[in-house]
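This report looks at how helices pack in one protein chain, and then at a few single residues. Have the sequence and the model open while reading.

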Amino acid sequence: MHEPGSPRHDLSISMPRGLTRLGLSAKLLLVTVLFVMLAEVLIYVPSIANFRRNWLNDRIAAAQVAALVLEGAPEDGLPEGSENRLLMGVGARAIAARVGGARRLLSLDSMPPPEVARSVDLRNLDWWTSIREAISVLIAPATMPIRVVGEAVGGADFVEIVIDEAPLRRAMLKFSWSLLLISLLLIGLTALAVYIALNSLIVGPIRQLAANVMEFEAEPENPQRVIEPSLRADEIGEAERALARMQMTLAGELRTKKHLAELGLAVSKINHDLRNMLAAAQLMSDQLVETRDAKIRRFAPRLIATLGRAIEFCQATLAYGRAAEATPAIRQVTLRQLVAEQAELLGLPDNKQLRFDNQVPAELTAACDPDQMARVLTNLMRNAIQALTQAGAEAGSQPLLTVTGAPTNGSVTLRVIDNGPGVPQRARANLFQAFRGSVTPGGTGLGLAVAAELVRLHGGTIELEPSPVGAVFRVSLPLRRGNGH
């Protein structure tokens, strides 16, 4: 918790300067566009390779028709002008076909065909080679003609053509631009659809969670700021329900802490005057020691001791309001005598309504702070007295309060036992928490909370033991060197 008046700059978390804030929706849209573009690239590469293959196959198909013409042509060749028309229809510089072991050639030039930059054999062209060559055409087109070989029809063994690569590249670029425009349209539509869907299903609820957390941060003690979980059964629904539980727990804890802070402030205001009144009563009671009345002289030391403890309790209550108990002043203490003193202060020897039994061995000692351990015993014994007085004993038996003690497994154990109604089940979960563990109407639960804190300062434990009748509180203190029994 933030202490009043202390600086808070060490708790503030701000965005690093120089970084552009990019919202979750924008990030989602950007990632969607990037992945769709990646998918389009993966689609484009085989598509352009397939387009090149089909374009070349179309030219080979036209050349196959020319090969059929060559197959039926006379030995002295085709009529004048027919060759040029065939070549122009195919779009090739030369067409060659092997018919019956003889190679027949159609060429625009009278000279043999020029050298070619590369050869493409469509009869055994695999996909990887087709993709690599298609990319090569786009990036580094050939300056010289290329040779393309394909299957022939009729009696020809194969057909080959020599063509320029520039028309092929122009066709591939035109196809690429058309595919790009379609891809951009698909990217836009897909990204928009994915963005709307994810923004509705994920980003929107997460944004609401973030907004609720910021609202709760502004007023953590306001129960109206606790999120209302939706009926979603997915991870976001689980997060909403977990956040609601955390906020309710935190709001309750903050209200309790605020209550404790207000208690400390109130006690600090009345402590001075109350301590002065008790100190004045103690000074007046000192004069009772000098009286001649034997009965008064016998009770005067007990009254003085009670007032002294009242002053100490007042100071200790103020310390608890500040959540600062003093470090125990450890020394060897005879436990039976300490229990007997607390019984006298609580008026147990003269109590006609219940019976008290001190079963702590006379030789049992423990290393502890006697004043703090006296407060622990007083709180536990007072609770037992209230339970026995208000509710009575179980099964109509006589109310009985028993304190036992024994060394056990490296520790000294004290048990405060009563045969009353026991601790209600609803109070056991928060039994040692201030303002939450009270078992009596109108109680605050501070007694058990103070007792638990003092026992922890000694390095010990305090707990409620299971018992068929009444309540059994066990206090265990570490067995230090010098303890005896």
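Helix axes here are lines fitted to C-alpha atoms over the stretch in contact, and the angle between two axes runs from 0 to 180 degrees between N-to-C directions. Two packed helices are described by that angle and by the distance between the axes. The model is predicted.

## The chain as a whole

The protein chain holds 10 helices and 12 strands. Of its 485 residues, 36% are buried. The chain exposes about 28800 Å². Carbon and sulfur atoms supply 58% of that area. Among contacts with a separation of 6 or more, 69% join residues 24 or more positions apart.

## Helix α7 against helix α8

Helix α7 covers residues 335-345, and helix α8 covers residues 370-391. Their axes come within 10 Å and cross at roughly 55°. That angle makes α7 oblique to α8. The crossing of α7 past α8 is right-handed.

Which residues in α7 meet α8? On the α7 side they are L338, V339, Q342 and A343. On the α8 side they are P370, M373, A374, L377, T378 and M381. By class, this contact has eight nonpolar and two polar residues, with no charged ones.

## Helix α8 against helix α10

Helix α8 also packs with helix α10, residues 446-457. The angle is about 145°, with the axes 9 Å apart. Here the crossing is left-handed.

From α8, the contact takes in Q372, R375, V376, N379, L380 and N383. From α10 come G447, L448, V450, A451, L454 and V455. The class count is seven nonpolar, four polar and one charged.

## Helix α3 against helix α4

What is the angle between the axes of α3 and α4? Helix α3 (residues 127-139) and helix α4 (residues 166-218) cross at roughly 95°. Their axes come within 9 Å. The two helices are therefore roughly perpendicular to each other.

A134, V137 and L138 in α3 meet R169, M172 and L173 in α4. Five of the residues in this contact are nonpolar, none is polar and one is charged.

## Residues to look at one by one

A191 lies in helix α4. Is A191 buried or exposed? At 4% relative accessibility, A191 counts as buried. Leaving aside neighbours within four places in sequence, A191 is in contact with L29, T32 and V33. The C-alpha atoms of A191 and L30 are separated by 8.7 Å, with their positions 161 residues apart along the chain.

G237 is found in helix α5, residues 235-286. Its relative accessible area is 0%, so G237 is buried. P205 lies 32 residues away from G237 along the chain, and their C-alpha atoms are separated by 9.2 Å.

N50 sits in helix α1, residues 24-72. With a relative accessible area of 30%, N50 is partly exposed. N50 and W127 are 77 residues apart along the chain, and 8.7 Å separates their C-alpha atoms.

The three C-alpha pairs are set out below.

| Pair | Apart along the chain | C-alpha separation |
|---|---|---|
| A191 and L30 | 161 residues | 8.7 Å |
| G237 and P205 | 32 residues | 9.2 Å |
| N50 and W127 | 77 residues | 8.7 Å |

N409 belongs to a loop. That loop runs between β9 (400-408) and β10 (411-418). N409 has a positive phi of about 50°, although it is not a glycine. How much of N409 is accessible, as a relative area? The value is 81%, and N409 is exposed.

## Reading the helix pairs again

Return to α8 in the model. Towards α7, α8 offers residues including M373, L377 and M381. Towards α10, α8 offers residues including R375, V376 and L380. The α7 contact has no charged residues, while the α10 contact has one. The α7 crossing is right-handed, and the α10 crossing is left-handed.

Note on methods. Residues numbered from 1 in each chain as written. Predicted model: local features only at pLDDT ≥ 70, side-chain atom pairs only at ≥ 80, totals over all residues. Heavy atoms only, no water. Helix = DSSP H or I, 4+ residues; strand = E, 2+ residues; numbered from the N terminus. Parallel < 35°, antiparallel > 145°, perpendicular 65-115°, else oblique. Left-handed = near helix turned anticlockwise from the far one by under 90°. Contact = heavy atoms within 4.5 Å. Nonpolar A, V, L, I, M, F, W, Y, C, P; charged D, E, K, R; others polar. Buried < 20%, exposed > 50% of the residue type's maximum accessible area, 1.4 Å probe, protein only. Areas by Shrake-Rupley, 256 points an atom, 1.4 Å probe, with all protein chains shown as cover.
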